[in-house]
Amino acid sequence: MTKTKPTKTNLIASDFRCPLCADVTVFYDGMVVDGQNWPKSGTTPFDFDQPTGYKLMYTAADKYDIATLKSLCRRHIMAKLRWKTAADTLVLADMHNDHEMKQETLQFLSGSVAVNVTKTTGWKTMVQTHPHLVKETVWALAAKLPPT
């Protein structure tokens, strides 16, 4: 069996590990899904409530430098940002050097949700695996405090 090499127009399904990879055929400067151009006005080809699926697609889009797909996934991830997912989202942004996602997440974390976030499994994992992000979160919190 010959291995296919991934290119900008040829993605390897094993990179995705999510149910929507069967629907994805080609991505290149816009997307073609099931033979149709996406995104159509007000829709996305991935209307499912699986945050993990969007994170996996985001990761693959970053790996293959597919800006349109990466942006689409980023918008969805950020639209669904909650205190329960904030630490995981911050780690994802850091791992992919996504400064826009990182800043939005830090801004979210520096609000009133900070106490709740520190109780999540994602936060506890982040403390162990990405301690520099804890420092950045504290700085973001401190920047919001009124001067004394």
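Biologist: Why is Asp62 called partly exposed rather than buried or exposed?

Modeller: Asp62 has a relative accessibility of 25%, and since buried means under 20% relative accessible area, exposed over 50% and partly exposed in between, with a 1.4 Å probe and protein chains only, Asp62 counts as partly exposed. This is a predicted model, in which local features need pLDDT of at least 70 and side-chain atom pairs count only at pLDDT 80 or more, whereas totals for chains, interfaces and linings use all residues. Residues are numbered from 1 along each chain as its sequence is written, and side-chain values use heavy atoms, with hydrogens and water left out.

Biologist: What makes the pair Lys70 and Asp62 a salt bridge?

Modeller: The term requires a side-chain nitrogen of Lys or Arg within 4 Å of a carboxyl oxygen of Asp or Glu, and the side chains of Lys70 and Asp62 meet at 2.7 Å, N to O. Lys70 itself is buried, because its relative accessible area is 15%.

Biologist: How do you know that Arg74, Asp98 and Glu100 are linked in a network?

Modeller: Arg74 takes part in a salt bridge with Asp98 at 2.7 Å, N to O. Arg74 lies in helix α2 and Asp98 in the loop between α3 (86-95) and α4, so this pair ties together parts that are 24 residues apart in sequence. The side chains of Glu100 and Arg74 also meet in a salt bridge, at 3.9 Å, N to O. Because Glu100 lies in helix α4 and Arg74 in helix α2, that pair ties together parts that are 26 residues apart in sequence. Asp98 counts as buried at 4% relative accessibility, while Glu100, at 46%, counts as partly exposed.

Biologist: What makes the buried residues of α4 lie on the same side of the helix?

Modeller: The buried residues of α4 (residues 99-109) are Met101, Lys102, Thr105, Leu106 and Leu109. They cover an arc of only 130° around the axis, which puts them on the same side of α4; the arc is that of the directions from the helix axis to the C-beta atoms. The face turned away from this buried side carries the exposed residues His99 and Gln107.

Biologist: How do you know that the span of helix α2 agrees with what is expected?

Modeller: The expected span is 1.5 Å times one less than the number of residues, so the 13 residues of α2 (residues 67-79) should span 18 Å, and the end C-alpha atoms are indeed 18 Å apart.

Notes. Helix = DSSP H or I, 4+ residues; strand = E, 2+ residues; numbered from the N terminus.
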